[in-house]
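Trainee: Could you take me closely through one part of this model, the largest nonpolar core, and then show me what surrounds it?

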Amino acid sequence: MLSLYDGALDVPVILKNWYEEEATNNYGAYIPFVGTVRSEDGIDGLSFDIYEPILNSWFSSWQEKAKAKGAVIKMAHSRGDVMLHESSYIASVFSPKRRVALEFIDEFVEDFKASAPIWKYDLLNGKRVYALDRSTAIKGSGILGEKK
Amino acid sequence: MIRVEFLGPIQKPSLELDIQNLSELAAVLQQDDEMSEWLTNCAVAVNDTLVSSLEVPLKDGDKVSLLPPVCGG
């Protein structure tokens, strides 16, 4: 399940809903990761753009990998502005045993950072500033810059 | 015609181009000084599937998207 929201995530509600959705499905482990906006470098918050068609196909490929291990992934992300101490990202893995969930959440979040088509901006003095120095070029980038 | 979209922080309107493949798109965009840095760090998708080679043929109605470096979370 992939859910996108305008603005900050309602973390307690999302975690509770996910818990209740899977509570009787015989999963022994539920491991959530919650990403929260921290105060640093004078920012007022963060803002996000998302390209949904490719995000959806990226997420589906991970859901298939999870299914092959008997696990389920759920992810929620914000669009637009998210202010300090609010949360913009939650990823969770449910699996029969804890080891699969612990390993999977790590691999999933790392690939999310490197591949999910989401762009982050710092909110600074009312401006939206692209966070290029914290961003990662998607694998295979740069082909249009190749000179013949 | 091929529609070319610039995603995320690239502040550029979409283009409609009469081109046959991604090599021709590269040649067009390399003439645009504003695009020079983006071309070195953008990924490319054709009809919402990422591609890793310029040897991709394009047909009328295809959509090409440029995806700059990402940072979700």
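Mentor: This is a predicted model, and the largest nonpolar core in it has 51 residues, of which Ala71(A), Ile73(A), Ala91(A), Val93(A), Phe108(A), Val44(B) and Leu67(B) touch the most other members. As a general background, nonpolar side chains in soluble globular proteins tend to be buried together. If we start from Phe108(A) and leave aside residues up to four places away in sequence, this residue touches Trp62(A), Ile73(A), Ala91(A) and Val93(A).

Trp62(A) leads us to helix α2 of chain A, residues 52-68, whose 17 residues reach 24 Å from the first C-alpha to the last, close to the 24 Å expected at 1.5 Å a residue. Along α2(A), Trp62(A) is buried, as are Ile54(A), Leu55(A), Phe59(A) and Ala66(A). These buried residues lie on the same side of α2(A) because they cover an arc of only 130 degrees around the axis. The spacing behind such a pattern is a general one: an α-helix has 3.6 residues a turn, so residues three or four places apart point the same way. On the face of α2(A) turned away from the buried side we find the exposed residues Ser60(A), Ser61(A), Glu64(A), Lys67(A) and Ala68(A), and just after the helix Gly70(A) takes a positive phi of about 75 degrees.

The chain that holds this helix has three helices and seven strands, which run β-α-β-β-α-β-β-α-β-β from the N terminus on. Of the 148 residues of chain A, 32% count as buried, and among contacts in chain A between residues at least 6 apart in sequence, 73% join residues at least 24 apart.

Turning to chain B, Leu67(B) and Val44(B) are among the core members that touch the most others. Strand β5 of chain B, residues 63-67, has four of its five residues buried, so it is largely enclosed by the rest of the structure. Strand β1 of chain B, residues 2-6, pairs with β5(B) in the parallel sense over four bridges, and Phe6(B) stands opposite Leu66(B) in β5(B). β3(B) pairs with β5(B) in the antiparallel sense, again over four bridges, and here Leu66(B) is the bridge partner of Val44(B).

Finally, the contact between the chains takes 25 residues from chain B and 31 residues from chain A. On the side of chain B that touches chain A, α1 (22-29), α2 (36-41) and β3 (43-46) of chain B each supply at least two residues, and by class that side has 17 nonpolar, seven polar and one charged residues.

Methods
Residues numbered from 1 in each chain as written. Chains lettered and ligands numbered in written order. Predicted model: local features only at pLDDT ≥ 70, side-chain atom pairs only at ≥ 80, totals over all residues. Core = buried A, V, L, I, M, F, W, Y, C linked by C-beta atoms within 7 Å. Buried ≥ 20, exposed ≤ 12 C-beta atoms within 10 Å, placed from the backbone. Contact = placed C-beta atoms within 7 Å. Nonpolar A, V, L, I, M, F, W, Y, C, P; charged D, E, K, R; others polar. Expected span 1.5 Å × (residues − 1). Arc of directions from axis to C-beta. Pairing = 2+ DSSP bridges.
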